[in-house]
Amino acid sequence: MAFEDAECSFRKGSQHPWLLHLWQQPLIAVIRLCASPAQALEGSMLAIRAGIRHIEITTQVPQYLELIAQLRQDHPQCWIGVGTVLDRQVAEQAWQAGAQFCVCPFTDEQVIRWGREVGLPIVPGALTPSEIWRAWQAGATAVKVFPVESMGGSRYLRHLQSVLGSLPLIPTGGVTLAKAAEYLQAGAWAVGIAGDLFPTEDLDSGCHLLENRLRQVLQQLAEQRNKTWPNPGKLVE
(Lines give C-alpha, C1' and ligand atoms only; values in the text may rest on other atoms or scores of the structure.)
Protein backbone atom coordinates (compact mmCIF):
# COMPACT_ATOMS: atom_id res chain seq x y z
CA MET A 1 0.00 0.00 0.00
CA ALA A 2 1.36 3.44 -0.95
CA PHE A 3 0.65 4.96 2.45
CA GLU A 4 2.55 2.13 4.16
CA ASP A 5 5.54 2.63 1.84
CA ALA A 6 5.63 6.33 2.67
CA GLU A 7 5.39 5.62 6.38
CA CYS A 8 8.24 3.09 6.17
CA SER A 9 10.44 5.64 4.37
CA PHE A 10 9.65 8.24 7.01
CA ARG A 11 10.48 5.87 9.85
CA LYS A 12 13.85 5.01 8.32
CA GLY A 13 15.30 8.41 9.06
CA SER A 14 14.04 11.06 6.67
CA GLN A 15 13.20 13.39 9.58
CA HIS A 16 14.64 16.88 9.55
CA PRO A 17 16.22 17.97 12.89
CA TRP A 18 13.52 20.62 13.21
CA LEU A 19 10.86 17.93 13.00
CA LEU A 20 12.51 15.90 15.75
CA HIS A 21 12.72 18.97 18.00
CA LEU A 22 9.07 19.67 17.27
CA TRP A 23 8.19 16.15 18.39
CA GLN A 24 9.86 16.82 21.71
CA GLN A 25 7.92 20.07 22.21
CA PRO A 26 4.84 19.77 20.00
CA LEU A 27 3.55 23.33 20.01
CA ILE A 28 4.07 26.09 17.46
CA ALA A 29 3.19 29.57 18.65
CA VAL A 30 1.71 31.31 15.62
CA ILE A 31 2.22 35.06 15.92
CA ARG A 32 -0.49 36.98 14.09
CA LEU A 33 -0.45 40.15 16.22
CA CYS A 34 -0.83 42.82 13.59
CA ALA A 35 -1.39 46.03 15.54
CA SER A 36 2.29 46.93 15.50
CA PRO A 37 5.78 45.39 15.33
CA ALA A 38 6.10 46.08 19.07
CA GLN A 39 3.00 44.04 19.87
CA ALA A 40 4.22 41.13 17.75
CA LEU A 41 7.59 41.25 19.54
CA GLU A 42 5.83 41.35 22.90
CA GLY A 43 3.78 38.27 22.04
CA SER A 44 6.85 36.42 20.76
CA MET A 45 8.82 37.23 23.89
CA LEU A 46 5.96 36.15 26.13
CA ALA A 47 5.83 32.77 24.38
CA ILE A 48 9.61 32.35 24.66
CA ARG A 49 9.61 33.26 28.35
CA ALA A 50 6.92 30.64 28.90
CA GLY A 51 9.25 28.05 27.38
CA ILE A 52 7.86 27.71 23.86
CA ARG A 53 10.67 26.96 21.43
CA HIS A 54 8.87 27.05 18.06
CA ILE A 55 7.75 30.52 16.98
CA GLU A 56 6.01 31.15 13.65
CA ILE A 57 5.92 34.77 12.52
CA THR A 58 3.20 35.22 9.92
CA THR A 59 3.52 37.54 6.98
CA GLN A 60 0.58 39.63 8.26
CA VAL A 61 2.82 40.94 11.05
CA PRO A 62 4.23 44.40 10.24
CA GLN A 63 7.95 44.22 9.48
CA TYR A 64 7.90 40.45 9.88
CA LEU A 65 11.27 39.97 8.20
CA GLU A 66 12.97 42.25 10.71
CA LEU A 67 11.25 40.44 13.58
CA ILE A 68 12.42 37.04 12.30
CA ALA A 69 16.00 38.32 12.06
CA GLN A 70 15.86 39.83 15.55
CA LEU A 71 14.45 36.69 17.18
CA ARG A 72 17.02 34.48 15.44
CA GLN A 73 19.83 36.65 16.76
CA ASP A 74 18.51 37.07 20.29
CA HIS A 75 17.13 33.57 20.89
CA PRO A 76 19.32 30.91 19.29
CA GLN A 77 17.69 28.25 21.48
CA CYS A 78 14.44 28.69 19.53
CA TRP A 79 13.29 27.69 16.07
CA ILE A 80 11.96 30.79 14.32
CA GLY A 81 9.80 30.27 11.24
CA VAL A 82 7.61 32.17 8.84
CA GLY A 83 3.92 31.52 8.25
CA THR A 84 1.17 32.39 5.76
CA VAL A 85 3.67 32.14 2.91
CA LEU A 86 1.91 32.44 -0.45
CA ASP A 87 4.77 32.07 -2.93
CA ARG A 88 8.44 31.21 -3.35
CA GLN A 89 9.58 34.84 -3.38
CA VAL A 90 8.21 35.42 0.12
CA ALA A 91 9.70 32.12 1.28
CA GLU A 92 13.13 33.09 -0.03
CA GLN A 93 13.01 36.51 1.60
CA ALA A 94 12.09 34.97 4.94
CA TRP A 95 14.83 32.34 4.61
CA GLN A 96 17.39 35.03 3.89
CA ALA A 97 16.16 36.87 7.01
CA GLY A 98 16.83 33.75 9.05
CA ALA A 99 13.60 31.72 9.00
CA GLN A 100 14.22 28.08 9.97
CA PHE A 101 10.92 26.65 8.76
CA CYS A 102 8.18 27.80 6.41
CA VAL A 103 4.42 27.26 6.74
CA CYS A 104 1.96 27.79 3.89
CA PRO A 105 -1.86 27.83 3.90
CA PHE A 106 -1.95 25.61 0.80
CA THR A 107 0.34 23.33 -1.18
CA ASP A 108 2.68 24.95 -3.70
CA GLU A 109 5.00 22.32 -5.14
CA GLN A 110 7.43 24.95 -6.36
CA VAL A 111 7.94 26.16 -2.79
CA ILE A 112 8.38 22.57 -1.57
CA ARG A 113 11.00 21.79 -4.23
CA TRP A 114 12.89 24.98 -3.45
CA GLY A 115 12.79 24.21 0.28
CA ARG A 116 14.32 20.79 -0.32
CA GLU A 117 17.08 22.36 -2.42
CA VAL A 118 18.13 24.78 0.33
CA GLY A 119 17.34 22.50 3.29
CA LEU A 120 14.46 24.56 4.66
CA PRO A 121 11.55 22.59 6.18
CA ILE A 122 8.35 23.35 4.28
CA VAL A 123 4.95 22.71 5.85
CA PRO A 124 2.21 23.17 3.24
CA GLY A 125 -1.46 23.38 4.10
CA ALA A 126 -3.90 20.65 3.11
CA LEU A 127 -7.23 19.36 4.38
CA THR A 128 -8.51 16.22 2.67
CA PRO A 129 -6.68 12.88 2.54
CA SER A 130 -5.94 13.41 -1.16
CA GLU A 131 -4.54 16.90 -0.57
CA ILE A 132 -2.42 15.72 2.35
CA TRP A 133 -1.07 12.79 0.33
CA ARG A 134 -0.16 15.00 -2.64
CA ALA A 135 1.67 17.42 -0.34
CA TRP A 136 3.62 14.58 1.25
CA GLN A 137 4.47 13.02 -2.12
CA ALA A 138 5.72 16.42 -3.30
CA GLY A 139 8.34 16.37 -0.53
CA ALA A 140 6.77 18.27 2.36
CA THR A 141 8.61 18.02 5.68
CA ALA A 142 5.24 17.84 7.44
CA VAL A 143 1.70 18.76 6.46
CA LYS A 144 -0.43 21.46 8.05
CA VAL A 145 -4.01 20.20 8.36
CA PHE A 146 -5.94 23.42 7.90
CA PRO A 147 -8.53 24.52 8.90
CA VAL A 148 -8.95 21.44 11.06
CA GLU A 149 -11.72 22.60 13.40
CA SER A 150 -14.06 23.19 10.47
CA MET A 151 -13.84 19.44 9.72
CA GLY A 152 -14.49 18.17 13.23
CA GLY A 153 -11.25 18.88 15.05
CA SER A 154 -9.37 16.05 16.75
CA ARG A 155 -12.00 13.52 15.71
CA TYR A 156 -11.29 14.30 12.05
CA LEU A 157 -7.55 14.00 12.64
CA ARG A 158 -8.04 10.60 14.27
CA HIS A 159 -9.82 9.39 11.14
CA LEU A 160 -7.00 10.74 8.98
CA GLN A 161 -4.31 9.00 11.05
CA SER A 162 -6.08 5.65 10.72
CA VAL A 163 -5.42 5.91 6.97
CA LEU A 164 -2.25 7.98 6.74
CA GLY A 165 -0.30 6.24 9.50
CA SER A 166 2.55 8.23 11.02
CA LEU A 167 2.83 10.99 8.45
CA PRO A 168 3.70 14.13 10.43
CA LEU A 169 0.47 16.15 10.58
CA ILE A 170 0.25 19.54 12.27
CA PRO A 171 -3.38 20.61 12.79
CA THR A 172 -4.09 24.34 12.86
CA GLY A 173 -7.07 26.58 12.37
CA GLY A 174 -9.24 26.88 15.46
CA VAL A 175 -7.01 24.76 17.70
CA THR A 176 -7.17 26.05 21.29
CA LEU A 177 -4.85 25.61 24.23
CA ALA A 178 -7.57 23.62 26.00
CA LYS A 179 -7.88 21.16 23.12
CA ALA A 180 -4.20 20.86 22.19
CA ALA A 181 -3.60 17.62 24.10
CA GLU A 182 -6.63 16.02 22.39
CA TYR A 183 -4.90 16.45 19.04
CA LEU A 184 -1.74 14.72 20.24
CA GLN A 185 -3.90 11.88 21.54
CA ALA A 186 -5.49 11.69 18.09
CA GLY A 187 -2.06 11.32 16.47
CA ALA A 188 -0.88 14.85 15.67
CA TRP A 189 2.86 15.39 15.41
CA ALA A 190 2.35 18.87 16.86
CA VAL A 191 -0.23 21.64 16.92
CA GLY A 192 -0.18 25.23 15.74
CA ILE A 193 -2.09 27.72 17.87
CA ALA A 194 -2.75 31.32 16.90
CA GLY A 195 -5.90 33.13 18.02
CA ASP A 196 -6.21 31.41 21.39
CA LEU A 197 -2.56 31.99 22.22
CA PHE A 198 -2.82 35.65 23.16
CA PRO A 199 -6.32 36.78 24.15
CA THR A 200 -6.30 40.54 23.71
CA GLU A 201 -7.63 41.21 27.18
CA ASP A 202 -4.87 39.10 28.76
CA LEU A 203 -2.13 40.69 26.68
CA ASP A 204 -3.33 44.14 27.65
CA SER A 205 -3.88 43.48 31.36
CA GLY A 206 -0.64 41.70 32.16
CA CYS A 207 1.48 38.79 31.05
CA HIS A 208 2.14 36.71 34.16
CA LEU A 209 -1.15 34.82 34.12
CA LEU A 210 -0.83 34.13 30.41
CA GLU A 211 2.77 32.93 30.80
CA ASN A 212 1.68 30.53 33.53
CA ARG A 213 -1.15 29.30 31.34
CA LEU A 214 1.26 28.58 28.49
CA ARG A 215 3.64 26.75 30.84
CA GLN A 216 0.78 24.57 32.06
CA VAL A 217 -0.19 23.70 28.49
CA LEU A 218 3.41 22.78 27.65
CA GLN A 219 3.43 20.45 30.63
CA GLN A 220 0.15 18.87 29.56
CA LEU A 221 1.48 18.32 26.04
CA ALA A 222 4.69 16.76 27.38
CA GLU A 223 2.65 14.36 29.51
CA GLN A 224 0.39 13.47 26.58
CA ARG A 225 3.37 12.98 24.29
CA ASN A 226 4.85 10.45 26.71
CA LYS A 227 1.58 8.52 26.68
CA THR A 228 1.21 8.39 22.92
CA TRP A 229 3.62 7.23 20.21
CA PRO A 230 7.20 6.10 20.97
CA ASN A 231 10.09 8.51 20.68
CA PRO A 232 10.70 8.97 16.92
CA GLY A 233 14.41 8.48 17.49
CA LYS A 234 13.66 4.83 18.11
CA LEU A 235 12.14 4.60 14.66
CA VAL A 236 15.30 5.69 12.89
CA GLU A 237 17.47 2.85 11.59
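## Exercises on a predicted model

The charged end of Arg225 sits over the ring of Trp23, at 3.7 Å from its centre. The exercises below concern a predicted model.

### Exercise 1. Charges over rings

Task: State which charged residue lies over the face of Phe146, and characterise the peptide bond that follows Phe146.

Solution.
1. Lys144 lies over the face of Phe146, 4.5 Å from the ring centre.
2. From Phe146 to Pro147 the peptide bond is cis, with omega near -10 degrees.
3. Most peptide bonds are trans.
4. Pro147 itself is placed in the loop between β7 and α8 (154–164).

### Exercise 2. An aromatic pair between two helices

Task: Classify the geometry of the pair formed by Trp95 and Trp114, and determine which parts of the chain the pair ties together.

Solution.
1. The structure holds three aromatic pairs, one of which is formed by Trp95 and Trp114.
2. The ring centres of Trp95 and Trp114 are 5.6 Å apart, and the planes make an angle of 85 degrees.
3. An angle over 60 degrees counts as edge-to-face, and the pair of Trp95 and Trp114 is accordingly edge-to-face.
4. Trp95 belongs to helix α5 (residues 88–97) and Trp114 to helix α6 (residues 109–118), so the pair ties together parts 19 residues apart in sequence.
5. Trp95 has 35% relative accessibility and counts as partly exposed, whereas Trp114, at 3%, counts as buried.

### Exercise 3. The surroundings of strand β1

Task: Describe the burial of strand β1 (residues 27–31), the directions of its side chains and its pairing with other strands.

Solution.
1. Five of the five residues of β1 are buried, and the strand is mostly covered.
2. In a regular strand the side chains alternate between the two faces of the sheet.
3. In β1, Leu27, Ala29 and Ile31 point one way, while Ile28 and Val30 point the other way; all are buried.
4. β1 runs parallel to strand β9 (residues 191–193), to which three bridges join it. Within this pairing, Ile28 stands opposite Gly192 of β9.
5. Strand β2 (residues 54–58) also pairs with β1 in the parallel sense, over three bridges. Here Ile55 of β2 is the bridge partner of Ala29.
6. The connection between β1 and β2 can now be described: with helix α3 (residues 37–49), the two strands make a right-handed β-α-β unit.

### Exercise 4. The faces of helix α11

Task: Compare the span of helix α11 (residues 208–227) with the expected value, and explain why its buried residues line one face.

Solution.
1. Helix α11 has 20 residues and reaches 29 Å from its first C-alpha to its last. This is close to the 28 Å expected at 1.5 Å a residue.
2. The buried residues of α11 are Leu210, Glu211, Leu214, Val217, Leu218, Leu221, Gln224 and Arg225.
3. Viewed down the helix axis, these buried residues fall within an arc of 145 degrees, so they line one face of α11.
4. On the other side of α11, the exposed residues are His208, Leu209, Gln216, Asn226 and Lys227.
5. Arg225, one of the buried residues of α11, also has its charged end over the ring of Trp23.

### Exercise 5. Positive phi outside glycine

Task: For Gln63 and Thr84, give the backbone phi, the position in the chain and the degree of exposure.

Solution.
1. Most residues other than glycine have a negative phi.
2. Gln63 is not a glycine, yet has a positive phi of about 55 degrees. Gln63 is located in the loop between β2 and α4 (64–74) and, at 51% relative accessibility, counts as exposed.
3. Thr84, also not a glycine, has a positive phi of about 55 degrees. Thr84 is located in the loop between β3 (79–83) and α5 and is partly exposed, with a relative accessible area of 21%.

### Exercise 6. Separation in sequence and in space

Task: What separates the C-alpha atoms of Val143 and Cys104, and those of Gln15 and Pro168, along the chain and in space?

Solution.
1. Val143 lies in strand β7 (residues 143–145) and, at 1% relative accessibility, counts as buried.
2. Val143 and Cys104 are 39 residues apart along the chain, and their C-alpha atoms are separated by 9.4 Å.
3. Gln15 lies in the loop between α1 (2–11) and α2 (17–24). With 10% relative accessibility, Gln15 counts as buried.
4. Gln15 and Pro168 are 153 residues apart along the chain, with 9.6 Å between their C-alpha atoms.

Methods:
Residues are numbered from 1 along each chain as its sequence is written. This is a predicted model: local features need pLDDT of at least 70, side-chain atom pairs count only at pLDDT 80 or more; totals for chains, interfaces and linings use all residues. Side-chain values use heavy atoms; hydrogens and water are left out. Rings of Phe, Tyr and Trp (its six-membered ring) pair if their centres lie within 6.5 Å; planes under 30 degrees apart count as stacked, over 60 as edge-to-face and the rest as tilted. Helices (H or I, at least four residues) and strands (E, at least two) are DSSP runs, numbered from the N terminus. Buried means under 20% relative accessible area, exposed over 50%, partly exposed in between (1.4 Å probe, protein chains only). A charge sits over a ring if NZ of Lys or CZ of Arg is within 6 Å of the ring centre and within 35 degrees of the ring normal. Two strands pair if DSSP finds at least two bridges between them. A crossover is right-handed if, with the strands pointing away from the viewer, the path from the first strand over the helix to the second runs clockwise. The expected span of a helix is 1.5 Å times one less than its number of residues. The arc is that of the directions from the helix axis to the C-beta atoms.
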